[in-house]
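The following note collects comments on the structure shown here. The points are numbered for ease of reply.

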Amino acid sequence: MQFLAGRSCRLELDRPRIMGILNVTPDSFSDGGRFLDPGAALTQARAMVAEGADLIDVGGESTRPGAPCVSSEEELARVVPVIERLVREIEVPISIDTTKAAVARAAVAAGAEFINDVSGLRFDPEMARVAAESGAGLFLMHTRGRPERMQEDTRYQDLISEISAYLREGMDLAKAAGVAESRIALDPGIGFGKSLAGNLEILRRLREFHRLGRPLLLGTSRKSFLGALLHQPDPRARLHGTLATVALGVAAGVTIFRVHDVGPAREAALTAFAVHPYSSPQ
């Protein structure tokens, strides 16, 4: 049975695991500004843990399409106080959602167990070394360009092969820097430089990413492709579509799900898992 190693923990992947999203930003696409205050962030994290979150992903910079970059200093000011409080007061591991090595280094020093890099180690050449030296677990995602421009070109010759090659290269970068393979999980990057048709193709072909040999993370929660598909402009009203993708992910062998709505996603994942347990042939 697969597992994912963190800095000082081990996440068993014998059942679907739920990563709760905690955005401490003013401009995230569905909950921007709600949890900027460390007290509000702690309250939200506690609520997600009570609903069954297995880890909490803290982000201080929006990666929605078109989002502007923020400085390392601003991102640090947002995330470090929150992580310091969370590690004292909740029992599940913390992940830092960042593409900046300086932010990752400080977040792990503050107690984060995992680094979630949506650039797959491409935006900051120091990130692989920080991951290796800190011993943190590492989520590597596929994207095409930075958020402010990633939706300008969503055409691919062979979408799944190109995503797979990008993720394989990211793993190679991590391992060359000294990151143990047991610390790496992969995310095909739903919504990051993909069209609606591309996102649906990824969901149809999720099983093909198992060829990479590492656990898969799926992040579909409330995303704009669901809004386009369901004619639903309000991200907070996209729960039902999100849950359908969670169930599809479990059936395809995905083990980690990054979501806003922890309780419903956990129930959907466990129900799908009862039908498609991971011991079944992939």
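1. L230 belongs to helix α7, which comprises residues 224-230. The model is a predicted one. With a relative accessibility of 43%, L230 is classed as partly exposed, because that class lies between the 20% limit for buried and the 50% limit for exposed.

2. L230 also takes part in a nonpolar surface patch together with L196 and L229. The accessible area of these residues together is about 240 Å².

3. Helix α5 covers residues 159-177. At 1.5 Å a residue, its 19 residues should span 27 Å, and the end C-alpha atoms are indeed 27 Å apart, so expectation and model agree.

4. The buried residues of α5 are L159, I160, I163, S164, Y166, L167, G170, M171 and A174. Viewed down the helix axis, they fall within an arc of 160° and therefore line one face of α5. Their cover includes α4 (127-134), β7 (137-141), β8 (184-187) and α6 (196-204).

5. Helix α4 is part of that cover, and has buried residues of its own: M127, A128, V130 and A131. These occupy an arc of only 165° around the axis, which places them on the same side of α4. They pack against α3 (101-109), β6 (114-117), β7 and α5.

6. Both helices are followed by a glycine with a positive phi. Just after α4, G135 has a phi of about 75°; just after α5, G178 has one of about 110°.

Conventions:
Residues numbered from 1 in each chain as written. Predicted model: local features only at pLDDT ≥ 70, side-chain atom pairs only at ≥ 80, totals over all residues. Heavy atoms only, no water. Helix = DSSP H or I, 4+ residues; strand = E, 2+ residues; numbered from the N terminus. Expected span 1.5 Å × (residues − 1). Buried < 20%, exposed > 50% of the residue type's maximum accessible area, 1.4 Å probe, protein only. Arc of directions from axis to C-beta. Contact = heavy atoms within 4.5 Å. Patch = residues over 30% accessible without salt bridge, like charges linked within 9 Å, V, L, I, M, F, W, Y side chains within 5 Å. Areas by Shrake-Rupley, 256 points an atom, 1.4 Å probe, with all protein chains shown as cover. Salt bridge = Lys/Arg side-chain N within 4 Å of Asp/Glu carboxyl O.
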